[in-house]
Amino acid sequence: MPASVIDGKAIALEIQGEVAEQIKSRVAAGLRPPGLATILVGDDGASRIYVRNKRRACDAAGIRSFDHDLPGNTPQQALLELIDELNTDDDVDGILVQLPLPGHIEETLVIERITPTKDVDGFHTLNVGRLNSGQDAMVPCTPVGCLLMLKEVVGDRTGMQAIVVGRSNIVGKPMAALLLKEHCTVTIAHSRTRDLAGECRRADIVIAAVGRARMVKGAWIKPGATVIDVGINRIDDASRKSGTRLVGDVDFDETVKVAGAITPVPGGVGPMTIACLLQNTLTAACRQTGVPEPE
């Protein structure tokens, strides 16, 4: 029997609706709506699409969007000064700097400049440390979205074998930390892992976030396992008008025949990332105004 396909779009719409209702209640109680500042440096096409989608989602949910589109040659110091201004702006609860940045700007320096309580991406060292020590933290949106999808299809995750294929600071490492909090037994693997296929076959949960098109094969998957595919890769496809199409890090056509549940690409993790950004922004607003956080 083929795997059930996890509908990330549907779950994301549900989360966005909940956030919108919570914001309506917040405003009705006399509080200002949450505010998110997004900073885009340069003209990278994919980044521009991501930022546009985030801003649209903010508007739909009732979050004020403060947009800053800067030319690609913006000096690093000018970007840091803008972040300093936003850090002290009481109407701004969250700051998101779209990555990657142009080569002349040091990403780590920019991330560390954001006040941790406004770091809705969860990339600041303080938030990373809090997550890994089991404290309340702003958690990166994509791993949170993956976990929420897991919860839709997997009941008690205690003791399950989970593997995260990928060790990035944005997805792989925080994903492993979240799975540990769920009492899973977690393996972090990557493209240089010896017998990667064998490691994957042991897992009840597979998170693929390695950035290589269709790298994870169906033969690597334990029958009935849950597979979350974080990858977004553009490959050639002569059958399409565009000449390309999007695929994940998992060979979907093979894996859907073996897994118990699997996310598609597109339509899986992507929508969840934006939904969790809205959730993080609302959480940041609650913390900064001293009101209870949403359940």
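1. Start with a helix pair. Helix 6 passes helix 7 in a right-handed crossing. The model is a predicted one, and the points below should be read with that in mind. The axes of helix 6 and helix 7 lie 9 Å apart, and the two helices pack at an angle of about 40 degrees. That angle makes helix 6 oblique to helix 7, because angles that are neither under 35 degrees, nor over 145, nor from 65 to 115 count as oblique.

2. Which residues make this contact? From helix 6 come Pro143, Val144, Cys146, Leu147 and Leu150. From helix 7 come Pro174, Met175, Leu178 and Leu179. By class, the contact of helix 6 with helix 7 has nine nonpolar residues, no polar ones and no charged ones.

3. Next, the largest pocket. Its space comes to about 1400 Å³. Its lining counts 46 residues. Nearest the centre of the largest pocket lie Tyr50, Thr142, Ile232, Gly270 and Thr273. Six elements are worth tracing on the model: helix 1 (8-28), helix 2 (45-61), strand 4 (94-97), helix 6 (141-153), strand 9 (233-236) and helix 10 (269-289) each give two or more residues to this lining.

4. What is the make-up of that lining by class? The largest pocket has 26 nonpolar, 13 polar and seven charged residues in its lining.

5. The second largest pocket holds about 790 Å³ of space. It is lined by 27 residues, and those closest to its centre are Val144, Leu148, Gln279, Asn280 and Thr283. Helix 1, helix 6, helix 7 (172-181) and helix 10 each supply two or more residues to the lining of the second largest pocket. Val144 deserves a second look. This residue is among those closest to the centre of the second largest pocket, and Val144 is also one of the helix 6 residues in the contact with helix 7.

6. Classes again, for the second largest pocket. Its lining divides into 11 nonpolar, six polar and 10 charged residues. For the largest pocket, the charged count is seven.

7. How many cavities of 30 Å³ or more does a search of the whole structure find? The search finds one. The space in this largest cavity is about 60 Å³. Its lining is made by Ile95, Leu96, Val97, Ile111, Ile114, Asp119, Asp121 and Phe123. Strand 4 gives the largest share of that lining, three residues. By class, the cavity lining has six nonpolar, no polar and two charged residues. Strand 4 also gives two or more residues to the lining of the largest pocket.

8. Now the backbone. Most peptide bonds are trans, and most residues other than glycine have a negative phi. Two cis bonds should be checked by eye. One is the bond from Leu99 to Pro100, with omega near 0 degrees. Pro100 sits in the loop between strand 4 and helix 4 (107-113). Another cis bond runs from Val265 to Pro266, with omega near -5 degrees. Pro266 belongs to the loop between strand 11 (261-262) and helix 10.

9. One phi value also calls for a look. Is the phi of Asp195 positive or negative? Phi of Asp195 is positive, near 55 degrees, in a residue other than glycine. Where is Asp195 found? Asp195 lies in the loop between strand 6 (185-189) and helix 8 (196-201).

How values were computed: Residues numbered from 1 in each chain as written. Predicted model: local features only at pLDDT ≥ 70, side-chain atom pairs only at ≥ 80, totals over all residues. Heavy atoms only, no water. 1 Å grid on protein atoms, 1.4 Å probe; cavity = no way out; pocket = protein on both sides within 12 Å on 5 of 7 lines; lining within 4 Å. Points joined across faces, edges and corners; volume = space filled by probe spheres on them. Helix = DSSP H or I, 4+ residues; strand = E, 2+ residues; numbered from the N terminus. Nonpolar A, V, L, I, M, F, W, Y, C, P; charged D, E, K, R; others polar. Axes fitted to C-alpha atoms, helices over the stretch in contact; angles between N-to-C directions. Left-handed = near helix turned anticlockwise from the far one by under 90°. Contact = heavy atoms within 4.5 Å.
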